[in-house]
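Reader: Hi! Could you walk me through this one before I head back to the bench?
Author: Happy to. Here it is.

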Amino acid sequence: MTSDTSPGLAEALADGTVVLDGGLSNQLESAGHDLGDELWSARLLAERPEAIAEAHLSYFLAGASVAITASYQATFEGFAKRGTGHDEAARLLTLSVDLARQAARRAAEAAVDRPLWVAASVGPYGAMLADGSEYRGRYGLGVDELERFHRPRIEVLAAAEPDVLALETVPDADEGAALLRAVRGLGVPAWLSYSVDGRYTRAGQPLEEAFAAAAAVDEVIAVGVNCCAPQDVAPAVEIAARVTGKPVVVYPNSGETWDARARAWTGRTTFGPEQVRTWREAGARLIGGCCRVRPDAITAIATAVRELR
């Protein structure tokens, strides 16, 4: 667990490679929890918070040093649709950080002897819509409107004192610009991670353009990609490192494909620890997994990272 004598995450990235966790939702589903809801894993913040802490703990014990909170789909607007008022929604957002902290303490009690960090997840506007637009972007909203949507949630999460804000699965460079505006001046470091299709954002903008906006933002300690196919990672890492000069964060999906009509994953896993060396050599310093990447895969990544030191 982080302490006064532990390095900050930015310092740790300057010294080497840090391992992220894997897919929180698949870990919760494997424990028997139904996430078939517009709030997705955020619903469990109210109904089964202990399950979220257990899922975080599983990844810490597997070798992760960073837990990403269950706030990806947690928004004031999304909670309001379920009848949850503003104050209770703010409490649940704060709780998402507290649960990851609890898991870090439990991991330390279980003899995990390394710094552990908490990343407060800030998902895209489309995640609140729960209609798949988080993978398309181009919502019809301008940068100012998107900043107004994100800022209240980001301010609550920042006040909960995570180690870093994870601005993640961003499909659109305009939304990236809005998020960068919203984190300025909060005093909490952040990473910005796009979902991509090849060398473009999901909305079709060149990654050079998308990453460039983060280059001069002091709060941003890493940039990169997540929730993408493993084969899209290496080109994106090279672009992110070249354009920004910052450490790169990568946490792709397993390689399987989500069939929205059948509501099932299809295909085979193409994500493996052998890819870690390639990504690290290109500039990746925060490495983990997203959808369908389980604790055993994080253990394999952690082992690969140790062997590269």
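Reader: How do the residues of the lining of the largest cavity divide into nonpolar, polar and charged?
Author: Keep in mind that this is a predicted model. The lining has three nonpolar, two polar and three charged residues.

Reader: Which residues are they, by name, that line the largest cavity?
Author: Glu38, Leu39, Gln73, Gly78, Lys81, Arg82, Ala127 and Met128. Two elements, helix H5 (76-81) and helix H7 (125-129), each give two or more residues to that lining.

Reader: Thanks! And how many cavities of 30 Å³ or more does the structure hold?
Author: Just one. The space in the largest cavity comes to about 60 Å³.

Reader: Switching to the sheet: what is the order of its strands?
Author: The order is S1-S12-S9-S8-S5-S4-S3-S2, in an open sheet of eight strands with parallel pairing.

Reader: Which strands stand at the edges?
Author: Those are strand S1 (18-19) and strand S2 (66-68). Each has a single partner strand, so one side of each has no neighbour in the sheet.

Reader: How many bridges join S9 to S12?
Author: Three, between strand S9 (residues 248-251) and strand S12 (residues 284-287), and the two run parallel. In S12, Ile287 is the residue opposite Val250.

Reader: One last thing: which strands does helix H11 lie across?
Author: Helix H11 (residues 233-244) lies across strand S8 (220-226), S9 and S12. Relative to S9, helix H11 runs at about 160°.

Definitions and conventions
Residues are numbered from 1 along each chain as its sequence is written. This is a predicted model: local features need pLDDT of at least 70, side-chain atom pairs count only at pLDDT 80 or more; totals for chains, interfaces and linings use all residues. Side-chain values use heavy atoms; hydrogens and water are left out. On a 1 Å grid over the protein atoms alone, a cavity is a set of points where a 1.4 Å probe fits but cannot get out, and a pocket is an open set with protein on both sides within 12 Å along at least five of seven lines; lining residues have an atom within 4 Å of a point. Grid points are joined across faces, edges and corners, and a volume is the space filled by probe spheres set on the points. Helices (H or I, at least four residues) and strands (E, at least two) are DSSP runs, numbered from the N terminus. Ala, Val, Leu, Ile, Met, Phe, Trp, Tyr, Cys and Pro count as nonpolar, Asp, Glu, Lys and Arg as charged, and the others, Gly among them, as polar. Two strands pair if DSSP finds at least two bridges between them. Contact means heavy atoms within 4.5 Å. Axes are lines fitted to C-alpha atoms, for helices over the stretch in contact, and angles run from 0 to 180 degrees between N-to-C directions.
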